Amino acid sequence: MTQHDFSDELLAFITDSELTELQDFLDSDIVPDDAMILESLDGFLTALVIGPAPVPTETWMPLVWDMLNGRKTPAFESVDQAKRMTKLVLKMKASLTIFFASSPELYCPLCMELELESEEIYNGFIKLWATGFMAGIYCNENNWKPMLDKEDFFEELLMPIYLLSPFADNVPPLPTKTFNVIRDLIPEYVKEIRKFWLPRRKQEMARAKGVVIADEADRIGRNDPCPCGSGKKFKKCCGR
């Protein structure tokens, strides 16, 4: 099943009732124990949407149902239920894509929009969001390497999110005050990470469409093979 199966239905933002439906499914006994819940899925999809390059659905979707290995699947009650839940996950991702394209400065994790009973619950949801975000990086780690290898960007933007997640089990727990400061800065980290990757993401998406954007074209010789994959020289293809 691919995103194209639902192309017409993915044009609109996911509704609150659809998010609740997806949340109830992810919280049910039908899904494997290591499946994401809504908060970790929110972080995971955010990393996919703002990251360096599009990730094929068949690569990331299995991790929604089994975050550790991507091997287990829900015990769907019917084909219709499988299609419905898959559609809702894809619609949630499409909604984030639309949101970041139109209003990136307004982003915050879903759990930051909720009125929760206690700070303990709130911080638990933040940890889940951070876990999902790091899982989104790890499933596309090679493409994230330019940021992972830049010590200043890694320490300023990725390390704080990493420290909120269980992946940081090799370091002492953060003091509450430090945790809360990092938590409240998540929207800013996300905006800056997106800004870092935006030029490369545009190039990757342009390549996928067979389009050459200006700064990349400047580095291609007119007699070089066209990057669109046509087999023609650049000057006789996209460089005309």
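How many helices and how many strands are there in the protein chain? The chain has ten helices and zero strands.

**Figure 1. Overview of the predicted model of the protein chain.** From the N terminus on, the order of elements reads α-α-α-α-α-α-α-α-α-α. The protein chain has 240 residues, of which 42% count as buried. Its exposed surface is about 13100 Å², with 52% supplied by carbon and sulfur atoms. If contacts between residues at least 6 apart in sequence are taken, 68% of them join residues at least 24 apart.

**Figure 2. Close-up of helix α1, residues 16-26.** The buried residues of this helix are Glu18, Leu19, Leu22, Phe25 and Leu26. These residues lie on the same side of α1, because the arc they cover around the axis is only 125°. Asp16 and Ser17, on the other side of α1, are exposed. The cover over the buried residues of α1 includes α2 (38-50), α3 (57-65) and α4 (79-102).

**Figure 3. Close-up of the aromatic pair Phe133 and Trp144.** Twelve aromatic pairs occur in the structure. For Phe133 and Trp144, the ring centres are 6.3 Å apart and the planes stand at 80°, so this pair is edge-to-face. Phe133 belongs to helix α5 (residues 119-138) and Trp144 to helix α6 (residues 141-148), so the pair ties together parts eleven residues apart in sequence. Both partners are buried: Phe133 has a relative accessible area of 0%, and Trp144 has one of 1%.

**Figure 4. Close-up of the aromatic pair Tyr138 and Phe167.** The geometry of this pair is edge-to-face, at 5.0 Å centre to centre and 80° between the planes. Tyr138 is part of helix α5, while Phe167 sits in the loop between α7 (151-164) and α8 (176-184), so the pair ties together parts that are 29 residues apart in sequence. Tyr138 counts as partly exposed, at 35% relative accessibility. Phe167 also counts as partly exposed, at 31% relative accessibility.

**Figure 5. Close-up of an aromatic cluster and the surroundings of Trp144.** The cluster is made up of Trp129, Phe133, Trp144, Phe153, Phe196 and Trp197, linked by ring pairs. With neighbours within four places in sequence left aside, the contacts of Trp144 are Ala47, Gly51, Pro52, Phe133, Gly136, Ile137, Leu158, Ile193 and Trp197. Two of these contacts, Phe133 and Trp197, are also members of the ring cluster.

**Figure 6. Close-up of the largest nonpolar core.** This core holds 55 residues. The members that touch the most other members are Leu22, Leu41, Phe44, Trp60, Phe133, Trp144 and Ile193. Leu22 is one of the buried residues of helix α1. Phe133 and Trp144 form the edge-to-face pair of Figure 3, and Ile193 is among the contacts of Trp144.

**Figure 7. Close-up of two segments with pLDDT under 50.** Over the protein chain, the mean pLDDT is 86, and 81% of the residues reach 70 or more. One segment, residues 211-218, stays under 50 in pLDDT, and the model gives this segment 13 contacts beyond four places in sequence. Residues 226-230 likewise stay under 50, with twelve contacts beyond four places in sequence in the model.

How values were computed. Residues numbered from 1 in each chain as written. Predicted model: local features only at pLDDT ≥ 70, side-chain atom pairs only at ≥ 80, totals over all residues. Heavy atoms only, no water. Helix = DSSP H or I, 4+ residues; strand = E, 2+ residues; numbered from the N terminus. Buried < 20%, exposed > 50% of the residue type's maximum accessible area, 1.4 Å probe, protein only. Contact = heavy atoms within 4.5 Å. Areas by Shrake-Rupley, 256 points an atom, 1.4 Å probe, with all protein chains shown as cover. Arc of directions from axis to C-beta. Phe/Tyr/Trp six-rings, centres within 6.5 Å; stacked < 30°, edge-to-face > 60°. Core = buried A, V, L, I, M, F, W, Y, C linked by side-chain atoms within 4.5 Å. pLDDT = per-residue confidence, 0-100.
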